[in-house]
Each structure stands twice: as C-alpha cells, then as structure tokens.
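Student: I'd like to walk through this model with you, starting broadly and then going carefully over one part. Plain language is fine, but please spell out the cut-offs as you go.

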Amino acid sequence: MAYKPQYGPGTSIVAENRRKQMNPNQKLEKVRSVTDEDIVLILGHRAPGSAYPSAHPPLAEQQEPNCPMRKLVKPTEGAKAGDRVRYIQFADSMFNAPSQPYQRTYTEMYRFRGIDPGTLSGRQIVECRERDLEKYSKELIETEMFDPALVGIRGATVHGHSLRLAEDGMMFDMLQRNVLGEDGIVKYVKNQIGEPLDRAVGVGKPMDEKWLKAHTTIYHSLVGTAYRDDAEYVEYVQRIHSLRTKYGFMPKEE
Amino acid sequence: MMNASFPQVRIVPFRMLKPDTAERLLNMLTGVSGIRRVMIHGPGLPKTVPYGPARGSPNPHSDRKAIQVGDAEIALRVQVGEVILEVEDAPVIEEIRSICDGFFTGFSYRLQEGRFMKTAPTLVDYAKYGPDADTTLIGLADPRKGESPVIIRTKR
C-alpha cells in the first residue's frame with residue numbers, strides 16, 4: 001500500500017487547518033491580491049523593475065560536473081539563473097494568527113522547493129533564490145496564511161508575537177512597518193527591515209474575529225480553541241513525550 | 001528609608017493603549033487624591049532602529065508622542081501596556097477600580113495588587129544617585145537613561 005501522509009493528529013478546527021496548510025494537494029484560499037511590485041518593495045532586496053543580481057553565472061553557461069544527483073534534481077528557476085539567496089521573515093501573533101512559525105516551516109517544506117527555513121519561537125524566516133522567493137512570498141501573503149493585522153513581515157526587530165494587541169487590533173511593532181489606515185486597509189510604510197518606502201503598500205483589510213477563529217493554526221484557550229479540548233492531539237503529544245522519555249533510558253524488552 | 005508598606009496596584013488592560021486613551025486614563029487618575037507614584041510600563045518605541053541592517057536610521061512611530069497629564073507634559077517612549085500605581089492606603093484602590101470600571105468599556109482590564117515598583121534603592125541606583133538619593137523617585141525612571149520622573153501637580 002502506498003504511503004499516505006496524515007500531516008498531523010487532532011479533531012479540532014485548528015488541527016484541520018494545520019493539515020490543510022501542510023497538504024500540498026489542498027489549494028489554499030486566495031484572500032487578497034498584492035502586486036509583484038508591492039512584494040518586491042516590502043522585501044526590500046532590490047529596486048522594483050531592476051534585474052536580479054546574480055551570485056554565479058546561469059547553470060546553462062557554466063560547466064556542470066558529471067554528478068548523478070544534479071541529473072536527478074531539476075534546479076528551480078532562481079537556481080537556474082544563478083540568483084542570490086534572499087529571505088522573507090514573518091512574525092505571527094499568538095492571538096489567532098492564521099499561521100505559526102513551526103506550521104509555516106512544515107507547510108513550506110511540503111509546498112515549496114529549494115528553500116531553507118529557520119524556525120524560532122516568535123518568527124520564521126525562509127531563505128531561497130530571489131526569483132523563487134518572490135513567487136513564494138506572493139503565495140504566503142495572498143492566501144489564507146496571512147492576516148494584515150496579526151502577521152508581520154519583519155526582517156529584523158520582530159518583537160510582538162506574544163504581546164497583547166493594540167487597541168485597533170494590530171500586533172505590536174516597535175518599528176511600525178504597517179499601519180491601519182482610516183479606510184480600514186493595512187499599509188506597509190516601511191520595508192521588512194524598517195527602511196521607509198517611497199509609497200505605502202496596501203495589503204488589504206484585517207480579517208474579522210470569526211474568520212480568524214475558523215482559520216487559525218494555534219490553540220489559545222482565551223481567544224480561540226483550547227488545546228485541552230482536542231483530546232486526540234493531547235493523546236498524540238503525550239505518546240510522543242512518553243516514548244522519547246523512555247527511550248532516554250534505553251529500555252530493553254525482557 | 002521609605003515606608004515599604006504603601007500598597008501598589010497595576011492596571012493591566014487587555015489591549016495596549018494608544019497615547020490618546022492613555023492620556024484620558026491618566027487624566028482621570030490625577031483626580032484621585034492619594035496616589036503617590038505612577039509608572040507607565042510597556043514595550044519601548046526607540047527613536048532609531050536599534051538593530052538589523054537599518055540600525056541607526058530614524059524610526060518614526062505614531063505612538064511615540066507627548067501627552068498632557070494634569071499640568072505636565074509626558075513624552076511617551078513606550079506603548080502603554082500597564083499603569084503601575086503606589087497609593088497611600090487601601091480605600092484609594094477602590095476609587096481607582098471604580099474609575100477603571102467606567103473607563104474600560106470596549107475591552108476589559110485587570111487591577112492587580114502586589115509589589116510592582118522599587119521601594120528601596122538598588123546597587124544601580126546607588127551607583128547613579130549616591131547614598132542620599134531621594135527614595136520617592138527611586139524606580140520611576142531608568143537610571144541609565146538620564147531622564148528624571150515627571151511631577152504632576154493637581155488642583156486640590
């Protein structure tokens with residue numbers, strides 16, 4: 001029988017959302033649209049419209065060693081062109097943000113190619129070739145994995161994921177890269193490292209509480225689904241915990 | 001040595017306050033007699049980007065502005081997360097509670113009693129202010145920042 005990944009345990013909506021994001025066969029719902037130029041502006045790695053700087057000549061122009069692995073693995077567009085490796089980093093609020101650092105890494109590993117994600121408690125960074133990065137970033141920002149108020153695109157100075165939200169529902173950002181306008185649309189006024197942009201980049205309206213509760217991938221007993229309510233998930237984690245603890249003592253079967 | 005038995009309370013709103021809201025709250029609290037010291041606490045909003053590739057460049061932030069409390073102007077350097085108060089005696093706490101009950105209508109808050117503010121100088125204070133430091137001012141400002149606390153006078 002062919003292996004069929006289960007992606008994760010759990011019967012709650014949170015578990016369901018986690019599986020949905022991870023499963024590459026599930027198409028993620030597109031919630032907003034952001035232009036390619038806007039993505040380039042937020043990332044801040046190159047000027048919009050400029051050529052991609054390269055780290056090495058295109059693969060077609062350089063002599064490739066006779067390597068069976070290189071024959072097996074097809075290079076991504078960015079790798080083929082010899083692009084530089086660049087990054088995007090997200091900070092996700094614990095108040096029902098639609099994705100979370102570990103969840104992002106799992107999702108990206110299942111869905112994207114040629115990436116190097118880094119997972120931390122409050123932020124998640126993904127590095128890849130510039131051309132691929134822009135494509136992946138667009139997907140991460142336009143789909144249900146993003147919320148303008150509760151997810152921040154922050155290259156540095158990321159503090160805020162575990163803090164209370166501001167009165168207007170925005171996650172704290174020391175550098176105030178994104179502001180909630182009078183029209184209810186969140187606009188990025190700085191790029192991800194905090195340099196002011198020439199023009200504000202709109203990323204849409206914050207999603208409402210009901211939508212967030214139905215699309216979040218974090219358990220939160222106060223504002224969302226409590227972890228203890230998902231008995232299957234708790235059982236799974238307890239099993240893993242028990243097995244790895246016992247394994248530390250190298251148990252021998254009698 | 002200061003009397004360490006003055007009660008202290010902490011107002012913790014469930015949302016972090018904008019400067020205008022904080023200004024309204026603090027102005028309502030200035031009407032309460034019996035508040036000895038107040039500290040505004042929350043995550044910092046630096047004037048320049050503290051680290052990362054853009055380190056040192058200016059950091060405009062709409063929440064870092066001056067507010068008018070009583071007769072004094074306070075330049076906010078933080079997003080107001082909580083307000084810590086030291087009061088003369090227990091009945092003042094009830095007065096603060098009734099003000100907060102009326103003030104926080106859009107979202108809730110908690111009023112916690114405990115010890116949230118310095119009552120005696122520490123080594124850092126000793127190094128900065130020396131042995132004869134005014135103990136009423138201890139713990140109200142960061143000794144390394146060179147800023148002094150704001151004194152608010154209200155009409156009685």
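Student: Among contacts in chain A between residues at least 6 apart in sequence, what percentage join residues at least 24 apart? After that, please take a close look at helix 2 (residues 36-43) of chain A.

Tutor: Some housekeeping before that: this is a predicted model, where local features need pLDDT of at least 70, side-chain atom pairs count only at pLDDT 80 or more, and totals for chains, interfaces and linings use all residues. Residues are numbered from 1 along each chain as its sequence is written, while chains are lettered from A and ligands numbered from 1 in the order in which they are written.

Now your percentage: 65% of those contacts in chain A join residues at least 24 apart. Two residues are in contact here if their C-beta atoms, placed from the backbone, lie within 7 Å. Chain A has eight helices and seven strands; these are DSSP runs numbered from the N terminus, with helices being H or I of at least four residues and strands E of at least two. Its C-alpha atoms fill a box of roughly 65 × 60 × 30 Å along the principal axes. Of its 254 residues, 39% count as buried. Buried means 20 or more other C-beta atoms within 10 Å of a residue's own, exposed means 12 or fewer, and partly exposed is in between, with C-beta atoms placed from the backbone.

On to your helix. Helix 2 of chain A is largely enclosed by the rest of the structure, because six of its eight residues are buried. Those are Asp38(A), Ile39(A), Val40(A), Leu41(A), Ile42(A) and Leu43(A). Just after the helix, Gly44(A) takes a positive phi of about 75°.

What does the covering of those buried residues include? Strand 1, helix 6 (130-142), strand 4, strand 6 (186-190) and strand 7 (196-202) of chain A are in it. Let's take the strands by sheet.

Strands 1 and 4 sit in an open sheet of four strands, ordered 2-3-1-4 in chain A, with antiparallel pairing. Two strands count as paired if DSSP finds at least two bridges between them. Strand 2 (115-119) and strand 4 of chain A are at the edges with a single partner strand each, so one side of each lacks a neighbour in the sheet. From one strand to the next the twist averages 20°; axes are lines fitted to C-alpha atoms, for helices over the stretch in contact, and angles run from 0 to 180 degrees between N-to-C directions.

Strand 1 (residues 85-92) of chain A is mostly covered too, with six of its eight residues buried. Seven antiparallel bridges join strand 1 to strand 3 (residues 123-129) of chain A, and Arg86(A) stands opposite Cys128(A) there. Towards strand 4 (residues 151-153) of chain A, strand 1 makes three antiparallel bridges. In that pairing Ala91(A) has Gly152(A) as its bridge partner, and Asp92(A) stands opposite Val151(A). Helix 5 (residues 101-111) of chain A lies across strands 1, 2 and 3 of chain A, at about 165° to strand 2.

Strands 6 and 7 belong to an open sheet of three strands, ordered 5-6-7 in chain A and paired antiparallel. Neighbouring strands in this sheet are turned by 25° against each other on average, direction ignored. Three bridges join strand 6 to strand 7 of chain A; Lys187(A) has Gly202(A) as its bridge partner in strand 7.

Finally, the core. A nonpolar core is a set of buried Ala, Val, Leu, Ile, Met, Phe, Trp, Tyr and Cys residues joined through C-beta atoms within 7 Å. In the largest one, with 58 residues, Ile42(A), Val83(B) and Leu85(B) touch the most other members. Helix 2 of chain A gives the most to this core, with five residues. Over in chain B, Val83(B) is in contact with Ile11(B), Leu25(B), Val38(B) and Ile40(B), leaving aside neighbours within four places in sequence. The contact between the two chains takes 16 residues from chain A and 22 residues from chain B.
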